[in-house]
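Reader: I'd like a close look at one part of this model, worked through residue by residue. Pick the part where the strands come together, and then show me what packs around it.

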Amino acid sequence: MLNSQKNGEKLETPCLIPTSNDAQIARWRMEKYGQLLSDIINRTEVADIIDYGCGKAPVARYLRVNHHVRVTLYDRDVLKYSDMPTPQPLVSCINALHGDMELSGAVAILDGIKALATEAALIVVRAGAVKNNWWIYEINKRFDIHALTN
């Protein structure tokens, strides 16, 4: 809970974003995006997806779907997930695009997602990665953008 003051009285406001440590923040992010991806999967009834750039904490752990879904984990930097998958209807990229990456690496990831997504992609770009307009431009070159959120 966060405490705040209004007209001298103390108010308690629920804290929606963990503030104590990186592990809690990472788990909160994965739960949030796992729910978003679950909603997309449930609405589209897709049966196969790729978790692109899954790292060591795949979003698949946080999926809550209403039908069977096969999730292919792919991350070129994690040996057990480094085999290039075959294209699938939906590709999610939640962990791969981050603040300290080179532009050429970001372009390679976007091109990889484009090559693997036969119908749609959920792409999450962490704030501060590079200028936001650059991301919008580069993603729009490859995909029709249906929603932008922050």
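Author: Start with one pair of residues: L90 stands opposite A120, and A120 is in β6. A caution before going on: this is a predicted model.

That pair belongs to a longer contact line. Strand β5 covers residues 88-93, and 5 bridges join it to β6. The two strands run parallel.

Now widen the view. The sheet is open and has 4 strands, in the order β4-β3-β5-β6. The pairing in it is parallel. Which strands stand at the edges? They are β4 (70-74) and β6 (117-123). Each has a single partner strand, so one side of each lacks a neighbour in the sheet. From one strand to the next, the twist averages 25°.

Set that against the whole chain. The protein chain holds 3 helices and 6 strands. Read from the N terminus, its elements run β-β-α-β-β-β-α-β-α. Take the contacts with a separation of 6 or more: 59% of them link residues 24 or more positions apart.

Next, the strand to study most closely: β3, residues 48-52. On one side, β3 and β4 pair over 5 bridges, in the parallel sense. Within that pairing, I50 stands opposite T72 in β4. β3 also pairs with β5: 3 bridges join them, and they run parallel. Here D51 stands opposite S92 in β5.

How well covered is β3? Mostly: 5 of its 5 residues are buried. Both faces are covered. D48, I50 and Y52 are on one side, I49 and D51 on the other. Note the two aspartates, D48 and D51, in that buried set.

Zoom in on I50, which lies in β3. Is I50 buried or exposed? Its relative accessibility is 0%, so I50 counts as buried. The cut-off for buried is under 20%. What does I50 touch, leaving aside residues up to four places away in sequence? The list is T72, Y74, P85, T86, Q88, L90, V91, S92 and L116. L90, from the opening pair, is one of them. T72, which stands opposite I50 in β4, is another. S92 deserves a distance: its C-alpha is 6.2 Å from that of I50, although the two residues are 42 apart along the chain.

What lies across the strands? Helix α2, residues 103-116, lies across β3, β5 and β6. It runs at about 140° to β6.

That brings us to the packing. In soluble globular proteins, nonpolar side chains tend to be buried together. The largest nonpolar core here has 18 residues. Y52, V91, C93, L97, I109, I113 and I123 touch the most other members. The elements giving two or more residues are β3, β5, α2, β6 and α3 (132-142). Which of them gives the largest share? That is α2, with 5 residues.

I109 is a good residue to follow in this core. Leaving out residues up to four places away in sequence, I109 touches Y52, C93, A96, L97 and M101. Among these, Y52 is a buried residue of β3. C93 has 0% relative accessibility, so it counts as buried too.

There is also a second, separate core. It has 15 residues, among them I40, I41, I49 and L122. So where does β3 point its side chains? I49 is on one face with D51, while Y52 is on the other with D48 and I50. I49 belongs to the second core, and Y52 to the largest one.

A check on the cysteines. C54 has 1% relative accessibility, so it counts as buried. How many disulfides does a search of the whole structure find? It finds 0.

For contrast, take a residue on the outside. R43 sits in helix α1, residues 22-44. Its relative accessibility is 66%, so R43 counts as exposed. V65 is 22 residues from R43 in sequence, and their C-alpha atoms are 9.7 Å apart.

Last, the totals. Of the 150 residues in the protein chain, 37% count as buried. The chain exposes about 9,900 Å², and carbon and sulfur atoms supply 51% of that.

Technical notes: Residues numbered from 1 in each chain as written. Predicted model: local features only at pLDDT ≥ 70, side-chain atom pairs only at ≥ 80, totals over all residues. Heavy atoms only, no water. Buried < 20%, exposed > 50% of the residue type's maximum accessible area, 1.4 Å probe, protein only. Contact = heavy atoms within 4.5 Å. Areas by Shrake-Rupley, 256 points an atom, 1.4 Å probe, with all protein chains shown as cover. Pairing = 2+ DSSP bridges. Axes fitted to C-alpha atoms, helices over the stretch in contact; angles between N-to-C directions. Core = buried A, V, L, I, M, F, W, Y, C linked by side-chain atoms within 4.5 Å. Disulfide = S-S within 2.5 Å.
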